[in-house]
Structures are given as structure tokens and as C-alpha cells.
Amino acid sequence: MTIHANTSRNVPLLESMPAMKAEEGGLCPMREVLDLVGDSWSLLTIINLQSGPRRFNVLRRMIQGISQRMLTVTLRSLERDGLVLRTVKPTSPPEVTYALTDIGHSIAVPVGALGEWAVANRDHLRKARAEFDAAKSE
């Protein structure tokens, strides 16, 4: 991965962080994690599981716009990666709940930091988009 950064500001130089260094197979840790949780459905699922275990249909109602199939795929992927634990109670019909694992809960810190950045910069982003779009339509 090639990253070009302006080092004149007081911000971390991301390309020098271990998370950005390619390992065996050419993937860097950051790319690997972004592949896991970089889509909105994964993050929304994690956010909605943070307050406690949820059954499938409750979770589906909480995540506006997600289809049953997409939620199934997302939960399977998060379970495979160790972020979500699926528990089946032997009742009739079986009761299945999904909960975050400890590592699933730990992702709240970096996601929260990104959320704070989004709130602080949302107006700037909207203004920049509007200016760009206005210039392109002239």
C-alpha cells in the first residue's frame, strides 16, 4: 500500500504505523480489519449488539434497511472473525442469540473515535461536496 501524507501538520504519519506495513501475503493489518468491518452492515450490527445479546429478528428490526439474507451473511462473517458469538438454546423452536465477544466490544474505541471525527467534520464535508457539485455543474 502506498500512502502519501502531509507531515507538516500535527497528525500521526499513518504510513509509518505498524498497522500499515504489509506482512506475508501482501496484506497489512489495517486492510485486513477494514475488510472485516469496513462495510456499513458490519458496523451497524456491531453497534446494535454493543448493549447486549439480541435475537435475529430483533436485530433485523434495529438495523433499518438490512435484508434477512444480508444480516445472515454479516453475522456469519462476524462470527467467523471472532467478533460475534452465536448461542443456540435447545428449545423448540431453537432460540438463537447473537452477542459481541470481548474483541467485538473492544472495537467500540476506534469506531467511537471515528464517530467523533465524523461529528466534528460533517459540516465541512457537506460544504466541500456542495462546492464541488456546484463547480461541476457550471
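In this predicted model, a hairpin of five residues carries the chain from strand 2 into strand 3. Strand 2 covers residues 84-89 and pairs with strand 3 in the antiparallel sense, with six bridges between them. Within this pairing, Arg 86 sits opposite Tyr 98 of strand 3.

Strand 3 also has a partner in strand 1, a short run given by residues 54-55. Here too the sense is antiparallel, and the pairing rests on two bridges. Tyr 98 is again a handy landmark, as Arg 54 stands opposite this residue of strand 3. Strand 3 thus pairs both with strand 1 and with strand 2, and Tyr 98 faces Arg 54 in one pairing and Arg 86 in the other.

With partners of this kind in view, the covering of strand 3 is worth a look. Five of its six residues are buried, leaving the strand mostly covered. Thr 97 offers a good example from within this strand, which spans residues 95-100. Thr 97 has a relative accessibility of 16% and counts as buried because this value falls under the 20% cut-off. Leaving aside residues up to four places away in sequence, Thr 97 touches Arg 54 and Arg 55, together with Leu 85, Arg 86 and Thr 87. Arg 54 and Arg 55 make up strand 1, while Leu 85, Arg 86 and Thr 87 fall within the range of strand 2.

Charged side chains come next. Side chains of opposite charge can pair when their charged atoms come close. Two salt bridges are found in the structure. One of them links Lys 89 to Glu 95, with 3.7 Å between the closest N and O atoms. Lys 89 belongs to strand 2 (residues 84-89), and Glu 95 to strand 3 (residues 95-100). Both partners are partly exposed: Lys 89 has a relative accessible area of 41%, and Glu 95 has a relative accessibility of 23%.

The other salt bridge joins Glu 131 and Lys 127, whose closest N and O atoms lie 3.5 Å apart. This pair belongs to helix 6, a run of residues 108-137. Because Glu 131 and Lys 127 are four residues apart in that helix, about one helical turn separates them. Glu 131 is partly exposed, at 48% relative accessible area, whereas Lys 127 reaches 53% relative accessibility and counts as exposed.

Technical notes:
Residues numbered from 1 in each chain as written. Predicted model: local features only at pLDDT ≥ 70, side-chain atom pairs only at ≥ 80, totals over all residues. Heavy atoms only, no water. Buried < 20%, exposed > 50% of the residue type's maximum accessible area, 1.4 Å probe, protein only. Contact = heavy atoms within 4.5 Å. Salt bridge = Lys/Arg side-chain N within 4 Å of Asp/Glu carboxyl O. Pairing = 2+ DSSP bridges.
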